[in-house]
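Subject: Structure handover

Hello,

I am passing this structure on to you. Please open it first, then read the notes underneath.

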Amino acid sequence: MDKSRYQKFFYPVLTYIQYMGKLLRICIYVVPFCVCLSCRNYSIKVSDSTNGNPQPNHSMKNDSVKYWVAADINSITDSLQKQQVVYGRELIAHTSKYLGPKGSLMKTTNGMNCQNCHLLAGTAVFGNNFGSVASLYPKYRARRGTFETEYERINDCLERSLNGEPLDSNTKEMQAIVAYFHFIGSNVPKGTKALGSGLKDLPYLDRAADANKGKMVYVKVCQSCHQIDGQGKLNEAGNEYTYPPLWGPHSFNDAAGMFRLGTIARYVKYNMPFGTSFRNPQLTDEQAWDVAAYIVSQPRSHINEPKDWPDLSAKPVDFPFAPYADHFPEQQHKYGPFKPILAFQKTRDNKKG
Ligand code: HEC
Ligand code: HEC
C-alpha cells in the first residue's frame, strides 16, 4: 500500500476514532455532571440533610447518649415467667401466625405482625419501641380523652393497626404480651420515659408533602420489597408477611396512628429502607414526608371511631379527619403545610390561658 493510498484510506478512520473518543469523554464527564446538578435537591441516596443544610452528626451526638436497652430475657430464672415472656415476644414478632387470616389460634387480624411497626419485637431505639409501656401506663391519652390501660392500648393497635378484633384481657395471649412489656421495660423507673422509645422527631417542611414526588421515592427505594402495588409479599407458607403491605385491605386502617403523616414520616425516616436506623438515615426529611404522603394517599380500610378526640382542640395538627377547632381544611391537616396550623393552635391555646 503506497503512502497516498494509506492516507486516503486510514485518515478518515483515524479521525472517526478520535471523534468518537471525544464524544465518549464528553459523555463520561458531562452527562453525570448534568444529572448530578438536576437531582442535587432530590437525589435518592442522600446523606442526612434538609434543604441542603447540614444536620448535626448523629453518630457522634448519639454515641454519648445512653439509649434504652431491653432487659435480657435470658436472665430470667423463673421458668414459668420465662415461658410467658418468650410467648409474648413470639406473639409480637409473629402475630399473623397466631391471629392472622391463616392464624393457628384465631383468624381475627389483617396479617400484619406487631413487629412490622414495632421493630425488633419493640426493642429498637426509635423503632417505635415498648421501652416506656411498663413505666408509663396507665397513661392519659388525648385520643380517648381518658386514662388508658396497657390492655386498651394493645387493643387499639389490634383494632386499627391490625384492622382486627380486640383480645380479652384475661386470655393467655394478652397476659403474655403484657408480661413481655413488663419484663423488657423492667429496667425503666416507674413514671419515666425510656430514652429512645417511640419515634424520633422530624422537622416539619415549609410546604405540603407531595405524593407525586413521594411516588418517585417509592419506586426507587421501597418498591423492591413492598411491591409496586404496595401489597407486600407473603412468606412461602402464606401465614406471615416477609414484606408487609403499606396500603390496601391487609394494611393498617385509617384510624391507626400510622395513618397520620407525621407518624409514618418519622417511622420511615429513621427505619426504612429496612436495616436503616436513626444513626444512618437514608432519606432526606423531604423524601420521608413525600413518600409518607404517597402511602397515605393510597386506598385502605376505613373504620369509624366517633369517640376519638372528645376535645377537638387536642387533635394533633396532622389528624386527617374533621371536625377541627380551627379553620384549616382536611387536606391541609392530612398533608401540611403544618407550621401555619401549629402557629394558629399556639395563639388559640395561649388565649385560653
Ligand atoms: C429491604 C426491604 C425493604 C425496603 C427497601 C423497604 N422496606 Fe419498609 N419494611 C420492610 C420490612 C421487612 C418491614 C417489617 C419489619 C419487621 O417486621 O421487622 C417494613 C415495614 C415498613 C412499614 C411499617 C409496616 C407497614 O406495612 O406499614 C412501613 C410504613 C414501611 N416499611 C415503609 C417503607 C418505605 C416508605 C420504604 C422506602 C423508603 C421502605 N419501607 C423500604 C422492608 C423494606
Ligand atoms: C401499622 C403499624 C403498627 C402495628 C402493626 C402495630 N402498632 Fe402499635 N403502635 C403503632 C404506632 C404508630 C404507635 C404510636 C403512635 C400512636 O400513639 O398512635 C403504636 C403504639 C403502641 C403502643 C403504645 C406505646 C407507648 O409507648 O405508648 C402499644 C402498647 C402498642 N402499639 C402495641 C401494639 C401491639 C401489641 C401490636 C400488635 C398486636 C401493635 N402495636 C401493632 C403502630 C403499629
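Below are notes on two ligand shells, a pair of helices and a loop residue.

Please keep in mind that this is a predicted model.

Ligand 1

Start with ligand 1. It has 26 residues around it. Cys-222, Cys-225, Pro-244, Pro-273 and Phe-274 come nearest. Which helix gives the largest share of this shell? It is α10, with 6 residues. Helix α10 spans 211-226. α5 and α11 (261-271) also supply at least two residues each. By class, the shell around ligand 1 has 20 nonpolar residues and 6 polar ones. No charged residue is part of it. Where does ligand 1 sit with respect to the domains? Domain 1 (73-184) and domain 2 (211-352) both give residues to its shell, so ligand 1 lies between them.

Ligand 2

Now ligand 2. Its surroundings hold 24 residues. The nearest are Cys-114, Cys-117, Cys-157, Ser-161 and Gly-257. Two helices, α5 (114-117) and α8 (150-159), each supply at least two residues of the shell. α8 gives the most, with 4 residues. The shell around ligand 2 splits into 13 nonpolar, 10 polar and 1 charged residues. Both domains take part: domain 1 and domain 2 each provide at least three residues.

Helices α8 and α9

α8 is worth a second look. It pairs with helix α9, which covers residues 172-184. Their axes come within 11 Å and cross at roughly 110°. An angle of 65 to 115 degrees counts as roughly perpendicular, so α8 is roughly perpendicular to α9. Which residues make the contact? On α8 they are Glu-150, Tyr-151 and Ile-154. On α9 they are Met-174, Ile-177, Val-178 and Phe-181. The class count for this contact is 6 nonpolar, no polar and 1 charged.

Pro-249

Last, a loop residue. Pro-249 is found between β6 (241-243) and α11. Is Pro-249 buried, exposed or partly exposed? It has 13 C-beta neighbours inside 10 Å, so it counts as partly exposed. The cut-off for exposed is 12 or fewer. Pro-249 also pairs up for a distance check with His-302, 53 residues apart along the chain. Their C-alpha atoms are separated by 9.5 Å.

Over to you.

Best wishes

Key
Residues are numbered from 1 along each chain as its sequence is written. Chains are lettered from A and ligands numbered from 1 in the order in which they are written. This is a predicted model: local features need pLDDT of at least 70, side-chain atom pairs count only at pLDDT 80 or more; totals for chains, interfaces and linings use all residues. A residue is near a molecule or strand if its C-beta atom, placed from the backbone, lies within 6 Å of it. Ala, Val, Leu, Ile, Met, Phe, Trp, Tyr, Cys and Pro count as nonpolar, Asp, Glu, Lys and Arg as charged, and the others, Gly among them, as polar. Domain bounds come from an automatic or database domain assignment. Axes are lines fitted to C-alpha atoms, for helices over the stretch in contact, and angles run from 0 to 180 degrees between N-to-C directions. Angles under 35 degrees count as roughly parallel, over 145 as roughly antiparallel, 65 to 115 as roughly perpendicular and the rest as oblique. Two residues are in contact if their C-beta atoms, placed from the backbone, lie within 7 Å. A residue is buried if 20 or more other C-beta atoms lie within 10 Å of its own, exposed if 12 or fewer, and partly exposed in between; C-beta atoms are placed from the backbone.
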